[in-house]
Amino acid sequence: MTEREAYTISSLELHLFFLRIMKEHAFFLSAGSTPVNADFSRGALRFKQQFETLLSRAINLGNGIVRPEILKSCEIVTGCTLTAEQQTESLTGIPINKKLTHMEESMNASCSPNVTIELSHHVKQLNQQTLILLNGFLRFQESIVEHVQSCRMFTSNYPTLIDHILREAIYYRDSLMALDNENCNQNMHHKADETFWNRIMMEHALFMRGLLDPAENKLIVQANTFAETYAELLDMATEKVCDCEEAATEPLDTLAETEKFRDFKQTATIGLTECEIRSIILPLLSDHILREANHYLRLLRMQNCN
Ligand SMILES: [Fe+2]
Ligand SMILES: [Fe+2]
């Protein structure tokens with residue numbers, strides 16, 4: 001595979017995961033706002049629409065081009081995404097473009113795609129447009145963080161969640177810039193950034209713990225245990241960097257723990273969509289963090305194969 005082909009495929013795969021993540025972040029920012037911040041809410045929805053436009057482009061360009069493992073990983077859509085969107089739209093009154101979900105569900109993959117020069121050109125343009133939009137979205141989110149931290153804005157999203165989604169946007173932007181600057185073949189098999197993703201997973205567990213109804217004690221305890229596990233994994237990574245003494249106990253395995261956490265998120269998403277769990281978690285938020293676990297699992301498995 002040539003560098004141009006690898007660059008084109010990697011870019012499309014990155015967009016298919018992250019453009020949906022970004023448009024949902026914009027949705028959550030809008031859904032968590034209050035009437036006094038109507039301008040911010042409208043601003044978030046404008047970003048949502050712009051990410052949807054780019055996602056539609058990425059789906060059209062990536063159909064028949066992306067690798068089978070991307071579609072199989074359930075990081076683009078899960079079996080719950082459409083139901084979660086329908087329910088979240090009717091619960092919040094905020095429209096969600098479900099046509100994109102249908103388009104993603106019927107996407108095809110290829111092991112030997114025909115990556116034309118014209119396609120690479122379109123993808124290069126898409127990358128540039130995405131970087132411009134991402135920079136604007138980052139400034140928008142930074143202004144929300146600033147307002148929330150100085151107690152000038154109330155939102156039903158935890159301040160840590162706003163910071164969390166800001167870090168995911170920075171990670172996306174950095175990954176996209178790395179594709180432009182680095183060896184493209186390396187990017188096809190890039191190492192999972194375990195410190196970044198383990199912190200993301202830990203925070204997902206903390207959000208779940210805090211957004212479940214107090215009556216859901218069993219699930220709260222389980223979520224808390226996952227948060228502790230990821231905190232331990234993060235500590236282990238720091239110890240490795242410090243070259244400290246070997247741990248006396250069997251080290252935790254990130255892949256195995258993330259598989260367990262993915263199963264927990266999947267069960268929770270089904271439970272929420274079937275109205276079996278009491279919480280203030282929007283079904284789409286649960287499906288969103290499930291897809292992020294699926295994405296991380298694919299990166300971890302890919303890393304173990306190399
Ligand atoms: Fe996210
Ligand atoms: Fe996340």
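In helix 9, the residues F196, W197, N198, I200, M201, M202, E203, H204, A205, F207, M208 and L211 are buried. Here buried means under 20% relative accessible area, with exposed over 50% and partly exposed in between (1.4 Å probe, protein chains only). Helices (H or I, at least four residues) and strands (E, at least two) are DSSP runs, numbered from the N terminus.

The model is predicted: local features need pLDDT of at least 70, side-chain atom pairs count only at pLDDT 80 or more, and totals for chains, interfaces and linings use all residues. Residues are numbered from 1 along each chain as its sequence is written, chains are lettered from A and ligands numbered from 1 in the order in which they are written, and side-chain values use heavy atoms, leaving out hydrogens and water.

Helix 9 has 18 residues and spans 25 Å from its first C-alpha to its last, close to the expected 26 Å. The expected span is 1.5 Å times one less than the number of residues.

H204 of helix 9 belongs to a metal site, as the table of protein donors shows. Donors are N, O and S atoms within 2.8 Å of the metal (3.2 Å for Na, K and Ca); water is not among the atoms, so sites may look incomplete.

| Ion | Protein donors | Distance to ion |
|---|---|---|
| iron ion (ligand 1) | H25 (NE2), E168 (OE), H288 (NE2), E292 (OE) | 2.0 to 2.2 Å |
| iron ion (ligand 2) | H164 (NE2), E168 (OE), H204 (NE2), E292 (OE) | 2.0 to 2.3 Å |

Four donors count as tetrahedral if all angles lie between 85 and 135 degrees; four count as square planar and six as octahedral if opposite donors are over 155 degrees apart and all others between 65 and 115; anything else is irregular. Around the iron ion (ligand 2), the 4 donor atoms subtend angles of 81 to 159°, so the arrangement is irregular. E168 lies in helix 7 (residues 159-181) and H204 in helix 9 (residues 194-211), so this pair ties together parts 36 residues apart in sequence.

The site of the iron ion (ligand 1) is also irregular, with angles of 83 to 160° among its 4 donor atoms. E168 coordinates both ions, which are 3.2 Å apart. Because E168 lies in helix 7 and H288 in helix 12 (residues 283-305), that pair ties together parts 120 residues apart in sequence.

E168 counts as buried at 0% relative accessibility. H204 is buried at 1%, and H288 is buried at 2%.
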